[in-house]
Amino acid sequence: MNPLQKIGAFTAALAAAFGTAYGVGTAFGPLDQETTAAGHSESHSAEPARKPPAGDLLPAGLQVSQDGYSLDLETTAVPAGKRSTLRFVVRDADGDPVTRYRTAHGKQLHLILASRELTTYRHLHPVRAADGTWSIPVDLPAAGGYRVFADFVPAAETEGLTLGSDLTVTGPYRASEPPAPAATTTVDGYTVALKGTLTAGGESDLAFTVRRDGRPVTDLEPYLGAYGHLVALRSGDLAYLHVHPHEEAVGDATSGPEVSFAATAPSTGTYRLFLDFKVDGTVRTAAFTVRTGTQAAPAADSGTHEEETPHGH
């Protein structure tokens with residue numbers, strides 16, 4: 001067997017091993033609800049990244065540290081299908097926990113969890129203790145690699161940051177892929193249609209129309225300061241896109257059926273869009289797969305996808 005064949009055989013063996021279970025060899029149990037940040041190692045902190053030159057399309061969420069702030073994920077692994085507590089700290093350039101934040105979109109910090117396959121998604125709002133430790137119960141259904149994004153504005157700053165770190169969900173692992181691109185998707189009887197195309201290297205307009213039983217929904221309720229909240233992630237590295245609603249203030253917008261955003265795609269590729277909208281007091285998430293430069297065709301089955309997206313936040 002020549003060297004290249006040996007390498008190929010070794011790679012195949014690794015793939016087979018990881019297809020059986022994710023996180024084998026990691027000891028874990030239900031996380032103690034009373035755990036505090038005292039004595040926690042700062043080994044996760046990294047050198048603060050330099051600011052990019054003006055005009056660069058730097059995706060957010062790829063760095064654990066930026067502009068003197070670091071995301072210190074105290075909980076690095078949780079078991080699949082079991083309720084656990086996720087804890088983390090945002091640290092400043094001196095390594096001290098950040099305890100003062102500005103309110104943005106109705107919250108001091110937005111926490112996004114997404115599986116590497118982009119089939120599981122959570123938008124959460126953790127609670128911060130006096131010592132700066134954030135915590136939130138999580139129950140993630142599938143084993144595998146996940147990305148944790150903390151979106152916040154420190155009180156000492158005027159611009160927001162999105163920092164990212166990796167989370168392992170342990171258990172039997174089955175690889176999956178996001179649904180194919182489609183212009184419509186259905187969640188809890190609500191059909192959401194997407195109009196618009198992501199353009200690589202520039203800003204694009206994306207509009208979502210919400211209907212139920214074929215009729216436009218005109219009673220969307222305010223959620224996080226608007227009638228819709230959109231998160232966009234790039235497939236592969238899970239870069240977090242810059243997305244802005246066209247109507248920032250609820251008072252200046254209509255209550256449906258359409259909500260629109262401006263999104264900046266830094267490169268060609270495949271992206272997942274997660275639209276949160278609220279009706280009758282319940283927040284639902286409509287998920288789309290899109291490719292840059294391509295307008296998705298309507299799906300024959302109304303785009304219904306069986307994926308893990310939350311019905312309430």
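**Exercise 1. Over which ring does the charged end of Arg 212 sit?**

Keep in mind as you go that you're looking at a predicted model.

Step 1. Find Arg 212 and follow its side chain out to the charged end, which sits over the ring of Tyr 190.
Step 2. Check the distance: the charged end is 4.6 Å from the centre of that ring. A charge counts as over a ring only if it is within 6 Å of the ring centre and within 35 degrees of the ring normal.

**Exercise 2. Work out how Tyr 101 and Trp 134 are arranged, and what their pair ties together**.

Step 1. Start with the general idea: you describe two aromatic rings by how far apart their centres are and by the angle of their planes.
Step 2. The structure holds eight aromatic pairs. One of them is Tyr 101 with Trp 134, at 5.3 Å centre to centre and 75° between the planes.
Step 3. Planes over 60 degrees apart count as edge-to-face, so the pair of Tyr 101 and Trp 134 is edge-to-face.
Step 4. Now place the residues. Tyr 101 belongs to strand S6 (residues 101-102) and Trp 134 to strand S10 (residues 133-138), so their pair links parts 33 residues apart in sequence.
Step 5. Tyr 101 is buried, with a relative accessible area of 8%, and Trp 134 is buried too, at 3%.
Step 6. Look around them: Phe 88, Tyr 101, Trp 134 and Phe 152 form one aromatic cluster.

**Exercise 3. Do the same for Phe 149 and Tyr 240**.

Step 1. The centres of these two rings are 5.2 Å apart, with 50° between the planes, which makes the pair tilted.
Step 2. Phe 149 is in strand S11 (residues 144-154), while Tyr 240 is in the loop between S17 and strand S18 (242-245), so this pair ties together parts 91 residues apart in sequence.
Step 3. Phe 149 and Tyr 240 are both buried.

**Exercise 4. Sketch the open sheet of three strands**.

Step 1. Draw the strands in the order S17-S20-S21, with antiparallel pairing.
Step 2. Mark the edges: strand S17 (229-234) and strand S21 (282-291) each pair on one side only.
Step 3. Add the twist: neighbouring strands are turned by 20° against each other on average, ignoring direction.
Step 4. Join strand S20 (residues 270-279) to S21 with 10 bridges. For one detail, put Tyr 271 opposite Val 290 in S21.

**Exercise 5. Where does pLDDT stay under 50?**

Step 1. Begin with the whole protein: pLDDT averages 79, and 73% of the residues score at least 70.
Step 2. Then pick out residues 24-56, where pLDDT stays under 50, and residues 297-313, where pLDDT also stays under 50.

Note on methods:
Residues numbered from 1 in each chain as written. Predicted model: local features only at pLDDT ≥ 70, side-chain atom pairs only at ≥ 80, totals over all residues. Heavy atoms only, no water. Pairing = 2+ DSSP bridges. Helix = DSSP H or I, 4+ residues; strand = E, 2+ residues; numbered from the N terminus. Axes fitted to C-alpha atoms, helices over the stretch in contact; angles between N-to-C directions. pLDDT = per-residue confidence, 0-100. Contact = heavy atoms within 4.5 Å. Phe/Tyr/Trp six-rings, centres within 6.5 Å; stacked < 30°, edge-to-face > 60°. Buried < 20%, exposed > 50% of the residue type's maximum accessible area, 1.4 Å probe, protein only.
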